[in-house]
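Biologist: Could you take me closely through the aromatic rings of this protein, and then set them in the context of the helices around them? I would like one connected account, with the reasoning spelled out where a classification depends on a cut-off.

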Amino acid sequence: MSKSSKMLARGLEKRDLALRQLRRAVQLFNQGDFVCAATLAGAAEEILGRIAKRRTGSNALDGHAHFWSQIAGIFGKPPPERKRVVESHNRIRNELKHNDSGDNEWMTADFQFEAQHLIDRAIRNYWLAYDTAPADRIINNYVEFHWT
């Protein structure tokens, strides 16, 4: 292994990887690159969501499933299957990461909304997992601006 290869190899915890992705997603969001912001935020959201689920038994997506169940109850309807809620909330995230058909298809979405939604879910998952906000100035500025 060459000296330069040794310098590149280092370990990072999944939480730290997700925070790097989330921080860059916020920066890209602020620059108006909503597609790349959504892609990175989606990766961070998934990592942090699994950590939150392991540590606390729930994640941000569970909150969305609960919300839609409550709304259905208000209207006297049966709650949607959790799988349908998850598929709906993750559709754009997955479309940005995968091309299952192999075709060069058009993709239509409100990419700004999707990026913001995924950034918000990633931040909520971090909070659920660690009971605090991420210690990152860029992410905290985003929260201050968009959540207050």
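Modeller: What follows begins with the confidence and the overall layout, then turns to the aromatic rings, and ends with the helix packing and a few single residues.

The model is a predicted one, and its mean pLDDT is 89, with 94% of the residues scoring at least 70. Confidence is not uniform along the chain, since helix H1 (residues 3-8) has the lowest mean, 58, while H2 has the highest, 97. Where pLDDT is low, the predicted coordinates should not be read in detail. The protein has seven helices and zero strands, so that the order of elements from the N terminus reads α-α-α-α-α-α-α. The C-alpha trace spans about 65 × 40 × 30 Å along its principal axes, and 33% of the 148 residues count as buried. Among the contacts with a sequence separation of 6 or more, 64% are between residues 24 or more positions apart.

With that background, the rings themselves can be considered. A pair of aromatic rings is described by the distance of the centres and the angle of the planes. If ring centres must lie within 6.5 Å to pair, the count comes to three aromatic pairs. One of them joins Phe-29 and Tyr-142, whose centres are 5.9 Å apart and whose planes stand at 85° to each other; because an angle over 60 degrees counts as edge-to-face, this pair is classed as edge-to-face. The pair links distant parts of the chain, for Phe-29 belongs to helix H2 (residues 14-30) and Tyr-142 to helix H7 (residues 137-147), 113 residues apart. Both partners fall under the 20% limit for burial: Phe-29 is buried because its relative accessibility is 6%, and Tyr-142 is buried because its relative accessible area is 3%.

Another pair is formed by Tyr-126 and Tyr-130, which is tilted, with 4.8 Å between the centres and 45° between the planes. Tyr-126 and Tyr-130 are four residues apart in helix H6 (residues 111-130), and therefore about one helical turn separates them. Tyr-126 and Tyr-130 are both buried. The ring of Tyr-130 also has a charged neighbour, as the charged end of Arg-15 sits over it at 4.8 Å from the ring centre. As for grouping, Phe-29, Phe-34 and Tyr-142 make up one aromatic cluster.

The surrounding helices can be taken next, starting with H3. Helix H3 (residues 34-56) has as its buried residues Ala-37, Ala-38, Ala-41, Gly-42, Ala-44, Glu-45, Leu-48, Gly-49, Ile-51 and Ala-52. The cover over these buried residues of H3 includes H2, helix H5 (82-97) and H6. After H3 comes Gly-57, which has a positive phi near 90°.

Two of the helices that cover H3, namely H5 and H6, also pack against each other. Two packed helices are described by the angle between their axes and the distance between the axes. The axes of H5 and H6 come within 10 Å and cross at roughly 105°; because angles of 65 to 115 degrees count as roughly perpendicular, H5 and H6 are described as roughly perpendicular to each other. On the H5 side the contact is made by His-89, Asn-90, Ile-92, Arg-93 and Leu-96, and on the H6 side by Phe-111, Glu-114, His-117, Leu-118 and Arg-121.

Within this contact Ile-92 deserves a separate look. Ile-92 lies in helix H5 and counts as buried, because its relative accessibility is 2%. Apart from neighbours within four places in sequence, Ile-92 is in contact with Met-107, Thr-108, Ala-109 and Glu-114. Ile-92 and Val-26 are 66 residues apart in sequence and lie 17 Å apart, C-alpha to C-alpha.

Two residues towards the other end of the accessibility scale complete the account. Asp-131 is found in the loop between H6 and H7, and although Asp-131 is not a glycine, its phi is positive, at about 55°. Asp-131 counts as exposed because its relative accessibility is 61%. Arg-137, in helix H7, is likewise exposed, because its relative accessibility is 57%. Arg-137 and Arg-23 are 114 residues apart in sequence, with a C-alpha to C-alpha distance of 8.9 Å.

How values were computed:
Residues are numbered from 1 along each chain as its sequence is written. This is a predicted model: local features need pLDDT of at least 70, side-chain atom pairs count only at pLDDT 80 or more; totals for chains, interfaces and linings use all residues. Side-chain values use heavy atoms; hydrogens and water are left out. Rings of Phe, Tyr and Trp (its six-membered ring) pair if their centres lie within 6.5 Å; planes under 30 degrees apart count as stacked, over 60 as edge-to-face and the rest as tilted. Buried means under 20% relative accessible area, exposed over 50%, partly exposed in between (1.4 Å probe, protein chains only). A charge sits over a ring if NZ of Lys or CZ of Arg is within 6 Å of the ring centre and within 35 degrees of the ring normal. pLDDT is the predictor's confidence in each residue, from 0 to 100. Contact means heavy atoms within 4.5 Å. Axes are lines fitted to C-alpha atoms, for helices over the stretch in contact, and angles run from 0 to 180 degrees between N-to-C directions. Angles under 35 degrees count as roughly parallel, over 145 as roughly antiparallel, 65 to 115 as roughly perpendicular and the rest as oblique.
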